[in-house]
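This report describes the architecture, the packing and selected residues of one protein chain. The sequence and the structure are shown first.

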Amino acid sequence: QAISPTDGATALSPGLRALYWDGTSYFLVGPATTGQAIWVTLDDFVTIVKLYTTVLPAGRITMYKHNSRVLVSTNNGGTVGAFYIIQ
């Protein structure tokens with residue numbers, strides 16, 4: 001399915017990651033127009049809403065589901081990184 005999150009990412013964007021939450025809910029992290037963005041979809045990718053944009057360069061992204069939280073770690077391959085918790 002072709003998806004188009006707001007702010008630049010597409011289904012084929014390098015580095016775009018999706019994490020299944022439940023039912024038809026997913027969290028996505030990937031490159032945005034500038035930096036990286038975090039999105040959520042609650043209707044199986046019909047509507048994708050941006051939650052946050054960071055100015056960090058797009059790079060490595062790791063996402064985990066832990067209990068009732070989503071943990072997101074990003075790093076551009078250097079010493080600058082970020083860690084996000086979505087509750």
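**Overall architecture**

The model is predicted. The protein chain contains zero helices and seven strands, and its elements follow the order β-β-β-β-β-β-β along the sequence. Of the 87 residues in the protein chain, 40% are buried. Among the contacts with a separation of 6 or more, 29% join residues 24 or more positions apart. The exposed surface of the protein chain comes to about 5,100 Å², of which carbon and sulfur atoms supply 55%.

**Nonpolar cores**

In soluble globular proteins, nonpolar side chains tend to be buried together. The largest nonpolar core in this model has 14 residues. Within this core, the residues with the most contacts are F27, V29, M63, V70, V72 and Y84. Two or more residues are given to this core by each of β1 (17-22), β2, β3, β5 (60-66), β6 (69-75) and β7 (81-86). The largest share, three residues, comes from β7. Another core, of nine residues, lies apart from the largest one and includes I3, L16, A32 and W39.

Y84, one of the residues with the most contacts inside the largest core, touches I38, Y52, T54, L56, V70, L71, V72 and T74, when residues up to four places away in sequence are not counted. Two of the residues in this list, V70 and V72, are also named among those with the most contacts inside the largest core.

**Aromatic pairs and a charge over a ring**

The count of aromatic pairs comes to three. One of them joins W21 and F27 in an edge-to-face arrangement, at 5.8 Å centre to centre and with 85° between the planes. Both partners are buried because their relative accessibilities lie under the 20% limit: W21 has 18% and F27 has 11%. Another pair, Y26 with F45, is tilted, with 4.7 Å centre to centre and 35° between the planes. This pair links distant parts of the chain, with Y26 in strand β2 (residues 25-31) and F45 in the loop between β3 and β4 (49-54), 19 residues apart. F45 counts as buried because its relative accessibility is 16%. Ring pairs also gather Y20, Y26 and F45 into a cluster.

The ring of W21 has a further neighbour: K65 lies over its face, at 4.7 Å from the ring centre.

**T41 and S25**

T41 is located in strand β3 (residues 36-41). With 0% relative accessibility, T41 counts as buried. The side chain of T41 reaches the backbone oxygen of T47 at 2.9 Å. Leaving aside residues up to four places away in sequence, T41 touches T24, S25, Y26, L28, V46, T47 and I48. T47 thus appears both as a contact of T41 and as the residue whose backbone oxygen is reached by the T41 side chain.

S25 lies in strand β2 and counts as buried, at 12% relative accessibility. With the same exclusion of residues up to four places away, S25 touches L19, Y20, T41 and L42. The contact between T41 and S25 is therefore listed from both sides, in the neighbours of T41 and in those of S25.

**Positive phi angles**

Most residues other than glycine have a negative phi. Two residues in loops of this model are described here for their positive values. Phi of D44 is near 60°, and D44 is placed in the loop between β3 and β4. N67 has a positive phi of about 55° although it is not a glycine, and N67 is placed in the loop between β5 and β6. Which exposure classes do D44 and N67 fall into? D44 is partly exposed because its relative accessible area is 35%, whereas N67 is exposed because its relative accessible area is 65%.

**Relative accessible areas**

The table collects the values for residues discussed above.

| Residue | Relative accessible area | Class |
|---|---|---|
| T41 | 0% | buried |
| F27 | 11% | buried |
| S25 | 12% | buried |
| F45 | 16% | buried |
| W21 | 18% | buried |
| D44 | 35% | partly exposed |
| N67 | 65% | exposed |

Terms used. Residues numbered from 1 in each chain as written. Predicted model: local features only at pLDDT ≥ 70, side-chain atom pairs only at ≥ 80, totals over all residues. Heavy atoms only, no water. Helix = DSSP H or I, 4+ residues; strand = E, 2+ residues; numbered from the N terminus. Buried < 20%, exposed > 50% of the residue type's maximum accessible area, 1.4 Å probe, protein only. Polar contact = N/O pair within 3.5 Å; in protein donor to acceptor, adjacent residues only side chain to side chain. Contact = heavy atoms within 4.5 Å. Areas by Shrake-Rupley, 256 points an atom, 1.4 Å probe, with all protein chains shown as cover. Phe/Tyr/Trp six-rings, centres within 6.5 Å; stacked < 30°, edge-to-face > 60°. Lys NZ or Arg CZ within 6 Å of the ring centre and 35° of its normal. Core = buried A, V, L, I, M, F, W, Y, C linked by side-chain atoms within 4.5 Å.
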